[in-house]
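Thanks for coming. I will take a few minutes on one structure, so please look at it on the screen while I talk.

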Amino acid sequence: MRSIRLPAALALLASTALPAAAELVFNRIASFPVASNLPAGTDAKAPTSAEIITASGDGNTLVYSDSPHGGIGFIDITDARAPKSAGYVAFEGGEPTSVAASGAHVLAAVNTSKSFTEPSGFLATVSMADRTVTARCDLGGQPDSVAVSPDGTLAAVAIENERDEDRNDGALPQMPAGYVVLLPLRDGAPDCAGLRRVELTGIPAIAGEDPEPEFVSFNANNELAVTLQENNHIVLIDGKTAKVTGHFTAGTVALEGVDAEDDGKIAFTDTIEARPREPDAVKWLGTDRLVVANEGDWKGGTRGFTIFNRDGSVAYESGPAFEREVAKAGHYPDKRSDAKGVEPEGLEVAEFGGERFIFVLSERGSVVGVYRDTGAEPEFVQLLPSGISPEGAVAIPGRNLLATANEADLVEDGAARSHVMLYERAEGTPAYPQMVSIERDGVPIGWGALGALAADANEPKRLFAASDSVYGKAPTIYTIDATAKPARITDAMVVTENGEAAGKLDIEGLALDGAGGFWLASEGNPEKEVPHQLLHVDGKGVVVETVAFPAELLAHQTRFGAEGIAKVGNRLWVAVQRPWKDDPKNTTKLLAYDLDAKTWGAVRYPLEAPPAEGAWVGLSEITVSGDAAYLIERDNLIGDAARLKQITRVALDQLRPAPLGGDLPTVEKGVVRDLLPDLKAQTAGYVVDKVEGLAIDKDGTAFVVTDNDGVDDSSGETLFFEIGKLDEQSAAVRN
């Protein structure tokens with residue numbers, strides 16, 4: 001064979017591997033608690049919310065509707081990584097339901113209804129420059145969604161005139177009927193005199209006399225798509241003529257391989273017969289297709305999203321696919337299984353870098369699914385973490401940004417506040433999720449509420465986690481492969497007793513027994529007759545031994561019991577979360593159980609003082625490595641209020657238990673690592689409260705996991721990350 005000699009330049013190119021194209025992904029870069037935007041003098045604990053969100057033309061200002069507080073808030077995102085309060089406009093006696101930017105203004109739909117039967121409202125024009133209300137247009141009914149046409153010449157408002165869900169079980173019809181309002185825009189401001197009312201009665205097959213418009217969206221041809229959610233219908237309107245040009249039913253979907261029971265376990269084994277989609281949000285994909293989020297309201301909800309052609313034919317149906325992506329990331333809300341599952345509610349569609357993306361907001365899963373629109377079946381790209389209950393989203397492609405408005409404000413429960421989240425599309429890798437499950441038998445391994453963590457004794461980066469009482473009907477031990485990014489849950493083993501799932505367990509501690517099984521620490525609750533106990537399970541999860549807490553300990557019990565367990569030789573050490581009735585202030589116990597003698601003892605652990613009124617500090621984990629025990633000590637505060645999330649160290653030679661009922665020695669602790677910087681780095685500032693798992697693997701690498709409470713009144717975020725070798729960090733601190 002004759003050899004071919006390349007010119008030098010070509011030879012150099014041939015011998016040099018071209019770098020792979022960098023991946024562009026969305027990652028959260030900032031979190032803004034909207035309570036910090038309330039006007040001066042407002043009670044800091046006043047309920048507030050971010051529901052629908054829009055952006056100024058230059059992309060430097062976000063505006064959101066705040067229904068509970070009766071106003072709209074402005075956020076300066078000139079520096080998107082450091083959003084700032086930028087003003088607030090209150091509407092006395094009104095409830096903003098939606099906002100849309102319009103030139104130098106923002107249009108706010110405000111509900112002023114006296115009752116369901118006397119609906120009223122107006123469209124306010126607010127100056128972006130000085131935050132003043134410059135005009136109001138009476139709408140004649142209760143407004144919901146508002147949209148502005150791409151060319152800036154039209155505004156549309158869905159006048160829902162919503163039903164009373166307590167009247168006749170919420171059944172339709174309930175008059176007066178809803179309609180759509182179209183208004184011409186002049187330099188971004190609506191011309192109230194040019195208001196046109198588009199009637200929709202007689203169109204839907206379901207309660208045709210009482211259409212309830214929910215969401216409106218314009219395309220580039222000034223055609224308006226309107227969802228009639230309870231009526232399970234979609235209507236098309238020509239914005240120029242204000243005429244209905246088309247309409248079709250949203251149809252039904254049957255689901256297989258879903259969880260349809262709120263029963264304290266995740267099992268995708270159920271079937272749901274065909275039910276109406278009942279779409280909420282709608283967005284155009286160009287001018288010939290529409291995408292809808294099938295949240296459901298009255299009789300339906302199908303847990304996914306659908307792409308329709310403009311003639312009403314289905315171009316794509318997600319079925320359970322979106323919900324399964326949510327479940328893989330641990331965000332499946334089991335308590336909504338018997339209702340509407342993850343409840344896709346909001347949508348955004350935008351082009352980034354010449355590619356069109358669909359953003360699907362899960363109200364109950366508290367995540368955003370990102371899909372690439374291929375023109376056929378959309379391609380799932382990634383899942384973004386959100387605050388609790390994302391309601392609205394706005395894309396700012398010119399700045400490679402996406403913002404979500406997350407409506408839930410749990411201030412009355414001392415929990416998370418409503419947030420606006422910001423994401424940037426840039427080169428890199430997805431920062432979230434940090435753990436996903438594989439599929440087994442065609443469905444994902446359901447997981448969440450990880451309250452305990454342990455490391456394999458022989459294989460580095462192989463760990464085990466356990467779910468707590470949120471999934472008490474199927475207490476489960478999970479196997480984690482931490483070599484993958486994100487880490488993968490590769491197996492799940494239900495803890496069983498007498499051939500059935502073990503009952504009345506709240507697994508908060510997990511330790512290897514050295515023989516292929518585990519020791520579990522189960523936190524009790526005397527009010528619910530759940531016992532404080534330790535359990536020994538074999539390698540198949542079968543309970544082989546139960547160790548009850550002794551009477552002299554239970555005489556002083558509270559519900560804040562075992563939160564971690566570690567095995568040292570023939571002794572089990574158990575971290576009790578908070579002080580019991582016999583503990584001095586700001587101390588708790590480390591319990592010791594001798595496996596040979598079957599006897600109990602304890603030492604005292606000194607807790608930090610609570611950092612705020614009404615807060616508490618406690619232990620969430622104990623693990624052992626080398627010559628020390630490492631513990632998680634944390635407060636119960638979340639978000640900006642969080643002050644204490646740390647890892648401490650107690651030398652093993654200090655763990656000398658004294659008998660229960662007498663004086664107990666107090667150990668000395670050292671702080672090894674402040675976890676607040678780690679948590680803020682993982683979440684772009686949104687600090688989760690429940691850091692509950694710590695494990696150190698065979699190579700000495702430490703891993704941390706957080707408990708997402710089963711996505712119940714929680715953002716659902718599970719953080720799982722490495723923090724290096726604690727032995728080395730301990731030595732550095734001591735030196």
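The lining of the second largest pocket divides into 23 charged, 12 polar and 10 nonpolar residues. This is a predicted model, so that applies to everything I say today. The volume of this second largest pocket is about 1500 Å³. Of the 45 residues in its lining, S469, V470, R559, K690 and D709 are the closest to the centre.

Next, the annotation. UniProt, in an unreviewed entry, lists residues 446–709 as "domain: Phytase-like". Over residues 446–709, strand accounts for 47% of the chain and helix for 5%. The C-alpha atoms at the two ends of that stretch are 14 Å apart.

Now a single residue, R163. Where is R163 placed? R163 is in the loop that runs between β11, residues 154–159, and β12, residues 179–186. Is R163 buried or exposed? R163 has a relative accessible area of 5%, and because that is under 20%, R163 counts as buried.

What does the side chain of R163 meet? There is a polar contact between the side chains of R163 and D297, at 2.4 Å. A polar atom of the R163 side chain also lies 2.8 Å from the backbone oxygen of G170. Leaving out residues up to four places away in sequence, R163 touches F116, G170, L172, Q174, E212, E230, D297 and W298. So G170 and D297, which I have just mentioned for their polar atoms, are both on that list of residues that R163 touches.

That is what I have for today.

Conventions: Residues numbered from 1 in each chain as written. Predicted model: local features only at pLDDT ≥ 70, side-chain atom pairs only at ≥ 80, totals over all residues. Heavy atoms only, no water. Helix = DSSP H or I, 4+ residues; strand = E, 2+ residues; numbered from the N terminus. Buried < 20%, exposed > 50% of the residue type's maximum accessible area, 1.4 Å probe, protein only. Polar contact = N/O pair within 3.5 Å; in protein donor to acceptor, adjacent residues only side chain to side chain. Contact = heavy atoms within 4.5 Å. UniProt positions renumbered as here; feature names shortened; annotations may be inferred. 1 Å grid on protein atoms, 1.4 Å probe; cavity = no way out; pocket = protein on both sides within 12 Å on 5 of 7 lines; lining within 4 Å. Points joined across faces, edges and corners; volume = space filled by probe spheres on them. Nonpolar A, V, L, I, M, F, W, Y, C, P; charged D, E, K, R; others polar.
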